[in-house]
Amino acid sequence: MIQPIYLYGSEVLRADASEADLSQKEELTSLITDLWDTLAKADGCGLAAPQIGVSKRVLVVDGDIMSDVYDYLAGFKRVMINPVIVESSEKECEYNEGCLSVPGIYADVRRPESITVEYYNEKFEKVTEKLDKFACRMVQHEMSHLDGVLFTDLVAPIRRKMIAKKLANIAHGKVGTRYNAKIK
């Protein structure tokens with residue numbers, strides 16, 4: 001079911017999400033369906049459970065939406081339950097990020113160029129996967145949500161000052177979105 005996306009200023013976006021209980025398969029399957037439905041409606045490439053008001057360590061990413069720009073992302077769709085980065089490269093890269101919870105704001109963010117992540121997939125199987133390029137970027141962005149971190153927290157201090165008024169407007173509901181959104 002399509003859920004509203006929580007916007008900047010919502011408390012759930014600042015909390016450390018709790019581990020998902022893998023024995024609650026029906027509940028997790030329903031959450032995953034909600035994440036996919038909501039992501040499709042919002043035309044995004046990733047969504048974490050806190051963004052729909054559920055403080056659980058679950059996320060989905062869909063590279064297909066970016067495959068016209070990055071052909072290697074064709075078919076890259078992942079469900080990650082309780083993901084953990086077990087290794088990250090020392091080398092970093094910078095990329096302009098945006099977020100469904102922070103509409104209308106984009107900024108350059110430095111993150112590791114590659115990571116190895118362990119997680120459980122939608123079949124509740126443990127997976128270890130090495131990611132690089134934009135797939136790595138999408139996963140790191142969504143994993144930040146699980147730790148209560150938004151991409152705007154990671155930008156250069158001068159850029160943060162430049163976007164402060166826009167962030168305040170979002171937190172006060174002075175923003176329009178093409179998808180159902182809320183602040184709580």
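What is the volume of the largest pocket? In this predicted model, the largest pocket has a volume of about 520 Å³, and the legends below begin with its lining before turning to other close-up views.

**View 1. The lining of the largest pocket.** Among the 25 residues that line the pocket, those closest to its centre are Cys45, Gly98, Cys99, Leu100 and Tyr106. Strand 5 (92-99), strand 6 and helix 2 (133-146) each supply at least two residues of this lining. Sorted by chemical character, the lining residues comprise 13 that are nonpolar, seven that are polar and five that are charged.

**View 2. Gln140 in helix 2.** Gln140 is found in helix 2, one of the elements that contribute to the lining of the largest pocket. Because its relative accessibility is 5%, which falls under the 20% limit, Gln140 counts as buried. When its neighbours within four places in sequence are left aside, Gln140 is in contact with Ile85, Arg111, Pro112 and Ile115.

**View 3. Helix 3, its kink and its buried residues.** Helix 3 covers residues 157-171, and at 1.5 Å a residue its 15 residues should span 21 Å, which agrees with the 19 Å that separates its end C-alpha atoms. The helix nevertheless has a kink of about 50°, centred on Ile163. Ile163 is also buried, as are Leu167 and Ile170 of the same helix. An α-helix has 3.6 residues a turn, so residues three or four places apart point the same way. The buried residues of helix 3 pack against strand 6 (102-112), a strand that also supplies residues to the lining of the largest pocket. Just after helix 3, Gly173 takes a positive phi of about 80°.

**View 4. Asn82, a residue with a positive phi in a strand.** Most residues other than glycine have a negative phi. Asn82, however, is a residue other than glycine with a positive phi, near 50°, and it lies in strand 4, which covers residues 77-88. Since its relative accessibility is 9%, Asn82 counts as buried.

**View 5. Phe124, a residue with a positive phi in a loop.** Phe124 lies in the loop between strand 7 (114-120) and strand 8 (126-132), and its phi is near 65°, a positive value in a residue other than glycine. Is Phe124 buried or exposed? With a relative accessible area of 18%, Phe124 is buried, because the limit for that term is under 20%.

Notes
Residues numbered from 1 in each chain as written. Predicted model: local features only at pLDDT ≥ 70, side-chain atom pairs only at ≥ 80, totals over all residues. Heavy atoms only, no water. Helix = DSSP H or I, 4+ residues; strand = E, 2+ residues; numbered from the N terminus. Expected span 1.5 Å × (residues − 1). Bend = angle between axes of the 7 residues up to and from the residue. Buried < 20%, exposed > 50% of the residue type's maximum accessible area, 1.4 Å probe, protein only. Contact = heavy atoms within 4.5 Å. 1 Å grid on protein atoms, 1.4 Å probe; cavity = no way out; pocket = protein on both sides within 12 Å on 5 of 7 lines; lining within 4 Å. Points joined across faces, edges and corners; volume = space filled by probe spheres on them. Nonpolar A, V, L, I, M, F, W, Y, C, P; charged D, E, K, R; others polar.
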